[in-house]
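User: Please take a close look at the salt bridges in this structure, and set out which residues pair and how buried or exposed the partners are.

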Amino acid sequence: MKDLTLVRSNERIDDLERNGYKIIQNPEVFCFGIDAVLLAHFAKVKGMQAQILDIGTGTGIIPILMHAIYQKGHYTAIDIQEEMTDLASRSVKLNNIEEDIKVLCHDIKDYMNFFKPNQFDLITCNPPYMKDTCGLKNQHPSKMIARHEIACTLEDIIKASSYLLKERSRLCMIHRPHRLVDIFNLMRKYAIEPKRMQMVYPKLHKEPTMVLVEGVKKGNAELRVEKPLIIYNEDGSYTEDIYLIYGKRGL
């Protein structure tokens, strides 16, 4: 079976429960979380031929899930780790979507060597949340790179995005609320205007743990704050908003 030929030792195939799409993951290395799912829904694809770049793609979850949801767009997914781009490439093959999603092992800091200016209509990124000097670091290199600004910084991502985006095109990312001032400052430094924001709360009476941000290259100065997104009810079940994002109960 094709499924088995694409899966390596310690890996598994997970059903995304969207149009039959699946993803290969290795729990010992890295598995996607709800943050990637939220970003895939926040960053809407607006055209059949839209050119989309996912920076630090990891398992490839964001472009694969966006392709499953929107059924349009052409995606380039990059990651600095060969282990992750190999994993993502095999998931793309598993879903027979090689024509629409291209996975490359690139360092975003070398963006001018690999891409043209004004090439993309949308850039998505679920970046490392912690500065290199902050927080406890996991021993596995892939997890360290995913969670800490070791391979690239927030400024690296936003600077590259400003070069790569077409005018009036969008950068969408998910991050931690404590980095929001940094995000806004860096976006404006590189001519990306913050236009849309949504706070994500674990429960109604808890502090937010994530924030979704959309910036527009050379956009006008006007920020729209969307209603808060609550993940769990008080009894620990998902809220209706989360069920709608997942598409069905039980994902």
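Analyst: What follows goes through the salt bridges pair by pair, after a short word on the whole chain. The model is a predicted one, and its secondary structure comes to nine helices and eleven strands. Of the 251 residues, 49% count as buried, and among contacts between residues at least 6 apart in sequence, 70% join residues at least 24 apart.

Side chains of opposite charge can pair when their charged atoms come close. Searching the whole structure for such pairs gives 13 salt bridges. One of them links Asp 121 and Lys 166, with 3.0 Å between the closest N and O atoms. Because Asp 121 belongs to strand S6 (residues 120-125) and Lys 166 to strand S7 (residues 165-175), this pair ties together parts that are 45 residues apart in sequence. Asp 121 is partly exposed at 23% relative accessible area, and Lys 166 is also partly exposed, at 30%.

In the salt bridge between Lys 109 and Asp 107, the closest N and O atoms are 3.2 Å apart. Here Lys 109 is partly exposed, with 38% relative accessibility, while Asp 107 is buried, its value of 18% falling under the 20% limit for that class.

Glu 193 and Arg 188 form a further salt bridge, at 2.7 Å from N to O; Glu 193 is buried at 12% relative accessibility, whereas Arg 188 is exposed at 53%. Beyond these pairs, salt bridges with shared partners join Arg 170, Arg 196, Glu 214, Arg 224 and Glu 226 into one network.

Technical notes. Residues are numbered from 1 along each chain as its sequence is written. This is a predicted model: local features need pLDDT of at least 70, side-chain atom pairs count only at pLDDT 80 or more; totals for chains, interfaces and linings use all residues. Side-chain values use heavy atoms; hydrogens and water are left out. Helices (H or I, at least four residues) and strands (E, at least two) are DSSP runs, numbered from the N terminus. Buried means under 20% relative accessible area, exposed over 50%, partly exposed in between (1.4 Å probe, protein chains only). Contact means heavy atoms within 4.5 Å. A salt bridge is a side-chain nitrogen of Lys or Arg within 4 Å of a carboxyl oxygen of Asp or Glu.
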